[in-house]
Each structure stands twice: as C-alpha cells, then as structure tokens.
Amino acid sequence: MVIEEAVNGRDDMLIDGQMGDQVLPSGFNPNFLKLYYGIPLLKLRFQSKLFPYGDIFRWMSYGNDGKHPACDKSYFGRRELSFTLENDIYLRFLSFNSVSELEKGIREKCPFKIDIGPVYSVDPSKRHAYAQSGENVFKPVERELIFDIDITDYDDVRYCCSGADVCLDCWPLMTAAIKVINTALRDDFGFRHILWVYSGRRGVHCWVCDGKARRLTNEQRAAIADYFRVYKGSENSKKKVSLTGHALHPFLVRSYTEVLKDLFEQTLLSSQQIFSTEDKCEKVLEMIPDESVAAELRGRWQKRSSCSKDDINAVRWEHLKHTLQSGRHKGQGLRRCVEEIVFSFSYPRLDMEVSKHMNHLLKAPFCVHPKTGKYTVHLSRVCVPIDPVHCHEFDPTTVPTLSQLLQELNSGGMGQEGDNDWDRTSLGESVRFFRSSFLEPLLKSCKEEMESAYNSKLQQSKNSMTW
C-alpha cells in the first residue's frame, strides 16, 4: 500500500533524522497514525512501527500459537476484531489467522480505533455461510471477563470536571475503582491474570484473562457483575446507595475501610469541595433519610457560615459523622448513612451491561484514542496498561500522544535492524510492563493448563483401552 503524501505534506519530517527546531504538531493527524502502525509514507526513508502486533497476537492466542499437539490452530482466527475507520466507518466481524495477517489488515485499513470481541464457534468473517445451514452454529464461546469504568458516570459527584474532561482532582476516583475491583477479583474470585488499561481518554478497562474467566457463561458473568452492584434506583434518585442488612458484606467492609473512607476524607472532601456551598451541602443532606437530622445539620452549618474555606469541608463532615453516629437519633436508616454517603461519592460505577454479555466489544490496549476537540492533545493518547499495585501513581495527563512518540523517534535517530521502535520512546515502559507483569505469567499459566488437560485426556484414553 503506497501513501502518496508525506507527513503533513512536509518534506523535512524524516523519522531517521533530527528535526532541529521543528516541532511536531500536537493534534491528532491521520498520518501520525499510519506511522504508528508502520505504514510506509512517501519520502520517509525509515519505516517506524510502534504498535506491538506480536504481543497482542500472543495475548489473544492464549498459547494456541505454539507447536504443542493440544494447540487449537483455529483459536485466534475465530476471534472477532472490529475497526473504526475515518469518518466513523465501522467494520465488524473481522478475523485474522496469524500475526502477519493481523498486521497486514491493520496496515491496509489504518483503523482509528480497534475493538476486541469474543472468540466464536466459527470464523466470524464466514458467519453468513454457516447461517445458511439453518443451525445456530455461530455463537460466542469464549471471552475475557471485562469491566468498563467511565469517569463521566461520576458527573453527579465530581465538581472539578464534567463530560470527557479529566484532571488530577477527579482521577483518584478511577484509582479507587481499580483498587476495589482488582482486590475483589483476586481475593474473592481467585482470578490471577488481570489487565488494567487506561482507555485513552476518560476511564479504565479491566480484562480478566484466566481460563475459567474466559469460559464463563452470560449468567455467570451477570452474577459477578451483580456482586459489585451497590447503586440502586433511577438516575434521578436522591439516594443511590442503600446498604441494608444486619451486617455489611465483607467485600463492602474491606472496600470501605481499605480504600473508600480514606479517599473520601483525605482527597475528595478537599479536591471536590463537597461541603463548600449551600447547594453541595443540600446534595449530601438529601441522602439522610430523617429530615429532622438533616434540618439540625443545616441549621448548624448556616450558623457557622464564617468558617474558613480551607477547613469547612472537613469541619462539616465531622459534624455530620458525629450527629449520625452519636446515638442520639434512632431514625430508620441512619445507622449506615455515613457509609452510604462515602459509597455514593467514591464507589466504582461500572457499565454493568459490558460485563454481563460475551458479545460486547472493548477497545484494544495500545490503540490510540483519536477524538479531536478542545483538548486535542489529551484526546489522542495511547491506551496503555496500568499497574494496579501502583495505580495511585498513574497520571493520565502524561500518557504519550502520537505526536510525542513520533517526536521521540525523531530525536532518537534511526534504530538498528531488529530494534523495537517503541523501545526508543516513552511507550517502551508500558510495553515492557505488559510483557513482564501480564503476558509472560499468563502464557506460562496457559501452557501449564494446556499440558495438564492434554495429559489428562491421554490418561483417560489409556484407561479406556485397558479394560
């Protein structure tokens, strides 16, 4: 495939040379995306390739790309991929049989976005041929357990940003979501191979890749998703969280004591100024089911209106906690009201439908968020993995953009034959983390599982022949 134009129509933009005082534009440019995927451009003597095709292929093959007799050679070819092209052209049910086919397909189409779907019973690109048989043979048979958490779903409790805008004052909500969900998936469900990815714009994605997770039915997925559900009522409900029962579930107790309480009191109270205005105070007071208690707090806060802006949030929160937990009020529902308020502001808000059904697609790691708009630089960032152990250190504003990566390639000069281009950029750290902390342990586990299943099958065969 030959592209007739140079990057941005300029002859002086050479990947293998120094740019001098030239600076790459900071906005999203389709030609930058072509270079990211390794599509040759006229007048560029060096062909870059930053997208880690091999790693994505090895991940989605789950060990079936090897030479072991138990390998399912059709496995990767039954995986659905979808491409979103320029002008919102959407291509679904794409499939590829090898890493070379995958790379060729991406280079030919240059998708603005890549989404990953389930593994089907048959090649998804040939589904129409199977449909003519009259039998329902085309169906999803395997899919990672996935979670999608979007910062826009917190717009009713964050006051620094709204919509797609994200800043370091509201990003801790995503950090808390990672900590709460990741701990539960590991400790409560026993999953080990979990990948967290920054969506590239306004949220995080979670991929649970254990064999037992990939083979869950829709009903089992729905049960796991419901395990995390605490929000009740409609979008307009004043009270969205109701923690009922004589005792809180141990998962909720752990989430509150280990993550949410400190997040709310040490971060959100100040960063979101939760009690700084009358309107914000009323929002909290509406969560108290006893109007006489709410009225008491309202009157007390109005009398202390001269309170310093620096401490008014912490002071009013302590007032509220003392009033509700002092034992003076015995109203229905007051016992856990403090915890319910904390959960309302800080507990993970999942897109439940994404997790419940196998046929949902989710954006691939290492693709680029191409949306343009007011904050173009932010919206063209790469979808990079997040280390859940150190997720509190993750800064979405420093995730590399296409223009930054290509600038780094230019500054670094031409690499040697066989070098990884991403290793000469700020993307290298993310790829290395993906490999060492996720991919290699996952593939080791897949190999052990495959070997065990194969040996068990051999033993059963031997036993059946010795009767």
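This note sets out numbered points on a predicted model, from its overall make-up to individual residues.

1. Overall make-up. The protein has 467 residues, of which 52% count as buried. Its secondary structure comes to 16 helices and nine strands. Among contacts with a separation of 6 or more, 67% are between residues 24 or more positions apart. The whole structure holds 24 salt bridges.

2. Helix α10. This helix runs over residues 291-303, 13 residues in total, and its first and last C-alpha atoms lie 18 Å apart. That span is close to the 18 Å expected at 1.5 Å a residue. Its buried residues are Val293, Ala294, Leu297 and Trp301. The four cover an arc of only 100° around the axis, and therefore lie on the same side of α10. An α-helix has 3.6 residues a turn, so residues three or four places apart point the same way. Among the elements that cover the buried residues of α10 are α9 (278-285) and α11 (312-325).

3. Arg316 and its surroundings. Arg316 belongs to helix α11, one of the elements covering the buried residues of α10. Which side chain of opposite charge is nearest to Arg316? It is Glu278, at 8.5 Å. A salt bridge requires a side-chain nitrogen of Lys or Arg within 4 Å of a carboxyl oxygen of Asp or Glu, and Arg316, although buried, has no salt bridge. A polar atom of the Arg316 side chain does, however, lie 3.3 Å from the backbone oxygen of Trp301. Trp301 is itself one of the buried residues of α10, so the buried arginine of α11 and the buried side of α10 can be inspected together.

4. Positive phi at two aromatic positions. Tyr62, which is not a glycine, has a positive phi of about 50°. This residue lies in the loop between α2 (53-61) and β1 (79-85), and Tyr62 is buried, with a relative accessible area of 2%. Phe366, likewise not a glycine, has a positive phi of about 75°. Phe366 is in the loop between β8 (362-363) and α14 (376-379). Its relative accessible area is 0%, so Phe366 counts as buried. 

5. Glu142 in strand β4. Glu142 is located in β4, residues 140-142. Is Glu142 buried or exposed? It is buried, because its relative accessible area is 11%, and the limit for that class is under 20%. The Glu142 side chain makes a polar contact of 2.4 Å with the side chain of Tyr75. Not counting residues up to four places away in sequence, Glu142 touches Tyr75, Pro118, Val119, Arg214, Arg215 and Met358.

6. Pro118 in strand β3. Pro118 falls within β3, residues 113-120, and is buried, with a relative accessible area of 0%. Leaving aside neighbours within four places in sequence, the contacts of Pro118 are Arg78, Arg79, Glu80, Pro140, Glu142, Arg143, Met358 and Asn359. The C-alpha atoms of Pro118 and Arg143 are 4.6 Å apart, although 25 residues separate the two in sequence. Met358 appears in the contacts of Glu142 and also in those of Pro118.

7. Arg78 and Asp72. Arg78, one of the contacts of Pro118, forms a salt bridge with Asp72 at 2.6 Å, N to O. What are the relative accessible areas of the two partners? Arg78 is buried at 13%, whereas Asp72 is partly exposed at 28%. Side chains of opposite charge can pair when their charged atoms come close.

8. Further salt bridges. Asp226 and Arg229 form a salt bridge in which the closest N and O atoms are 3.2 Å apart. Asp226 is partly exposed, with a relative accessible area of 37%, and Arg229 is partly exposed at 33%. Arg298 pairs with Glu291 in a salt bridge whose closest N and O atoms are 3.5 Å apart. Arg298 counts as partly exposed at 22% relative accessibility. In addition, Lys261, Glu265, Glu318 and Lys321 are joined into one network by salt bridges that share partners.

Technical notes
Residues are numbered from 1 along each chain as its sequence is written. This is a predicted model: local features need pLDDT of at least 70, side-chain atom pairs count only at pLDDT 80 or more; totals for chains, interfaces and linings use all residues. Side-chain values use heavy atoms; hydrogens and water are left out. The expected span of a helix is 1.5 Å times one less than its number of residues. Buried means under 20% relative accessible area, exposed over 50%, partly exposed in between (1.4 Å probe, protein chains only). The arc is that of the directions from the helix axis to the C-beta atoms. Contact means heavy atoms within 4.5 Å. Lys and Arg count as positive and Asp and Glu as negative; His and the chain ends are not counted. A polar contact is a pair of N or O atoms within 3.5 Å; within protein, one must be able to donate a hydrogen and the other to accept it, and residues adjacent in sequence count only if both atoms are side-chain atoms.
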